[in-house]
Amino acid sequence: MKDNKRLKELSDNYEVEFDSAAWDKMEKLLPEASSPRVPFFKRFKFIVVAILLLITFVGGLFFISENGAKKAVIIENEKGLIIDNQELTVEEEEIEETKISTELPIINALQPSTQAKNKSLISQKIDNIQNLKPKPSNSQPTNNNLQNPFFQKIAETLKNWSAQSNPEKTYLHTDRALYKPGESIWFAIYVRNADDLKASRKSDMVYVEWIAPNGKIDKVLTLVTTNGVAAGDILTTKDMVGGSYRLKAYTNWQKNSDTYFEKEIQVQKTVIPSLRMELDFERETYGSGDEVIAKLDLNTLENAPLKNYKFSYVLNLNGEQILEQNATTDVEGHAELKLQLPVNLDSNDGLINVLIDYNGQTESISRAVPIVLNKIDLQFFPEGGQNIANVESKIAFKAVNEFGEAADIEGLILNESGKTVSTFKSYHLGMGAFSWTPKSNEIHTAKITKPTGIQQIFELPRAEKRGYSLSIKEVTKNAIIAE
């Protein structure tokens with residue numbers, strides 16, 4: 001349109017005849033006028049700037065919505081305050097309060113319609129946070145649950161129950177464990193809490209009973225404790241019966257649970273012996289039908305032998321006397337006692353008691369007979385290496401009884417045909433050794449002949465076809481010969 005006007009002006013200036021009707025008709029035939037074209041570079045720059053502005057605007061809205069409006073939401077539950085879905089500690093509340101105050105203008109600008117409502121809500125929550133701030137005292141922050149009256153009542157009830165039900169413990173110790181009739185038994189008692197062993201404050205009285213061997217309570221003492229400690233004594237009489245007495249200590253609280261303390265006290269008349277006596281058995285163990293041999297030595301207190309002195313001895317089995325004999329010492333004060341055990345022995349409770357009349361009084365000495373009742377554990381150990389077939393080697397052995405104690409034994413080594421190929425006998429604490437030459441692929445067994453009546457059969461280690469073995473054949477002054 002501007003070009004057409006420009007043509008009209010030129011025609012007027014140059015006095016060209018202008019027909020307005022013709023111009024109007026020509027304008028209708030011309031295409032519709034368009035805006036002037038902008039160069040490509042300028043249009044591209046405009047588009048880039050527009051996109052950057054749009055991205056900046058959208059990012060700003062997202063940042064405000066996520067870090068501004070969201071953090072202003074405050075929720076209160078039974079645990080306290082939660083901001084941004086995170087529970088605030090007392091140390092973090094002050095920092096979070098500052099964040100909320102700096103973000104309030106952004107929230108108000110985005111939501112002007114709810115400005116007054118949000119401001120009132122946030123102000124109220126900030127006041128709640130300030131009320132939760134720790135006081136300037138040295139006390140540590142406590143759990144809000146413990147401030148609940150319900151939980152406080154439970155804690156107080158448990159504390160009272162623990163204080164009332166906590167058991168007491170008593171302990172009594174004496175100055176000795178053995179007393180003569182007529183001596184005083186001195187003791188001390190300690191009353192303690194069972195959980196921490198501190199002095200109990202629940203009981204200030206403790207009771208002590210003196211109980212005779214027949215179970216009768218002879219005396220009852222009531223003692224006052226000081227810081228959980230009490231002391232006392234019991235005077236025995238010279239004519240009281242000897243035996244095992246008991247001291248029983250307890251408090252009033254302990255009567256409900258039978259948690260008393262009890263200690264055994266031996267009261268015996270002591271007699272100083274007039275002789276020195278020793279009695280030892282020749283063997284470690286004896287069995288059915290064996291002859292028991294014991295050696296007796298009698299000496300005065302001046303260590304002089306009691307020569308040519310008569311005495312008697314008895315054998316008791318299972319509490320019954322089955323044998324009594326008399327004997328006399330030799331010039332050195334020695335004597336040998338011989339007793340035959342029954343063949344049908346069914347008890348290992350054997351006792352030898354020696355009785356001697358000396359200077360108007362009877363002296364005695366007793367020893368238990370080491371009896372074995374058909375229960376022997378026999379083990380074999382090849383010496384010097386392995387048990388090799390057709391090579392003479394030495395086998396050690398050890399025998400123990402049913403109580404795990406050493407048992408002296410004798411026996412035979414038999415081959416598969418029942419022929420005796422060697423014998424064995426213990427010489428110290430059930431231990432010994434024997435030599436033999438085992439045969440390849442042949443089973444050898446051991447049979448105990450003493451003590452008698454043992455039916456067990458023990459298998460020896462089988463001989464190896466190949467192996468290593470070392471034994472000493474001879475020891476001289478200058479050399480040791482081994483092979």
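Tutor: Before we look at any single residue, let us fix one term: two residues are in contact when heavy atoms of theirs lie within 4.5 Å. Please also keep in mind throughout that the model in front of you is predicted.

Student: With that term in hand, which residues does Asn 415 touch, not counting residues up to four places away in sequence?

Tutor: Asn 415 touches Val 421, Glu 442, Ile 443 and His 444, once residues up to four places away in sequence are set aside. As for its position, Asn 415 belongs to the loop that runs between strand S21 (410-414) and strand S22 (420-425). A further pair of distances is worth reading side by side, since Asn 415 and Lys 439 are 24 residues apart in sequence and their C-alpha atoms are 8.8 Å apart in space.

Student: Is Asn 415 buried or exposed?

Tutor: The cut-off for buried is under 20% relative accessible area, and Asn 415, at 14% relative accessibility, therefore counts as buried.

Student: What does the side chain of Asn 415 reach at 2.8 Å?

Tutor: The side chain of Asn 415 reaches the backbone nitrogen of Lys 419 at 2.8 Å, and it also makes a polar contact, at 2.8 Å, with the side chain of Ser 417.

Student: Let me try the same reading on Ser 312: where does Ser 312 lie, and which residues is Ser 312 in contact with?

Tutor: Ser 312 lies in strand S14, and at 13% relative accessibility Ser 312 counts as buried. Apart from neighbours within four places in sequence, the residues in contact with Ser 312 are Gln 325, Asn 326, Asn 353, Val 354 and Leu 355.

Student: I would like to turn to the nonpolar cores. How many residues has the largest nonpolar core?

Tutor: The largest nonpolar core has 27 residues, and within it Phe 311, Ile 352 and Val 354 are those with the most contacts. Two or more residues each come to this core from strand S12 (275-281), strand S13 (291-300), strand S14 (310-317), strand S16 (334-340), strand S17 (350-358) and strand S18 (361-369). Ile 352 can serve as a case to trace: leaving aside neighbours within four places in sequence, its contacts include Leu 279, Phe 281, Val 292, Val 314, Leu 337 and Ile 365. There is also a second, separate core of 20 residues, which includes Phe 187, Val 191, Phe 261 and Ile 265.

Student: How is a pair of aromatic rings described?

Tutor: A pair of aromatic rings is described by the distance of the centres and the angle of the planes. The structure holds eleven aromatic pairs. In one of them, the rings of Trp 210 and Tyr 245 have centres 4.9 Å apart and planes at 5 degrees, so this pair is stacked.

Student: Why does the pair of Trp 210 and Tyr 245 tie together parts of the sequence?

Tutor: Trp 210 lies in strand S7 (residues 205-211) while Tyr 245 lies in strand S10 (residues 243-250), so the pair ties together parts that are 35 residues apart in sequence. Trp 210 and Tyr 245 are buried. Elsewhere, Phe 380, Phe 397, Phe 424, Phe 434 and Trp 436 form one aromatic cluster.

Student: Which ring does the charged end of Lys 202 sit over?

Tutor: The charged end of Lys 202 sits over the ring of Trp 253, at 4.7 Å from the ring's centre, and Lys 248 lies over the face of Tyr 260, at 4.1 Å from the ring centre.

Student: Finally, how many salt bridges does the structure hold?

Tutor: The structure holds six salt bridges. In one of these, the side chains of Arg 246 and Glu 262 meet at 3.2 Å, N to O. Arg 246 lies in strand S10 and Glu 262 in strand S11 (residues 261-267), so the pair ties together parts that are 16 residues apart in sequence. Arg 246, at 27% relative accessibility, counts as partly exposed, and Glu 262 counts as partly exposed at 33%.

Student: And what of Lys 425 and Glu 410?

Tutor: The side chains of Lys 425 and Glu 410 meet in a salt bridge of 3.7 Å, N to O. Because Lys 425 lies in strand S22 and Glu 410 in strand S21, this pair ties together parts that are 15 residues apart in sequence. Lys 425 counts as exposed at 52% relative accessibility, whereas Glu 410 counts as partly exposed at 23%. Arg 462 likewise forms a salt bridge, with Glu 459, the closest N and O atoms being 3.7 Å apart; here Arg 462 is exposed at 53% relative accessibility, and Glu 459 is partly exposed at 47%.

Note on methods: Residues are numbered from 1 along each chain as its sequence is written. This is a predicted model: local features need pLDDT of at least 70, side-chain atom pairs count only at pLDDT 80 or more; totals for chains, interfaces and linings use all residues. Side-chain values use heavy atoms; hydrogens and water are left out. Rings of Phe, Tyr and Trp (its six-membered ring) pair if their centres lie within 6.5 Å; planes under 30 degrees apart count as stacked, over 60 as edge-to-face and the rest as tilted. Helices (H or I, at least four residues) and strands (E, at least two) are DSSP runs, numbered from the N terminus. Buried means under 20% relative accessible area, exposed over 50%, partly exposed in between (1.4 Å probe, protein chains only). A charge sits over a ring if NZ of Lys or CZ of Arg is within 6 Å of the ring centre and within 35 degrees of the ring normal. A nonpolar core is a set of buried Ala, Val, Leu, Ile, Met, Phe, Trp, Tyr and Cys residues joined through side-chain atoms within 4.5 Å. A polar contact is a pair of N or O atoms within 3.5 Å; within protein, one must be able to donate a hydrogen and the other to accept it, and residues adjacent in sequence count only if both atoms are side-chain atoms. A salt bridge is a side-chain nitrogen of Lys or Arg within 4 Å of a carboxyl oxygen of Asp or Glu.
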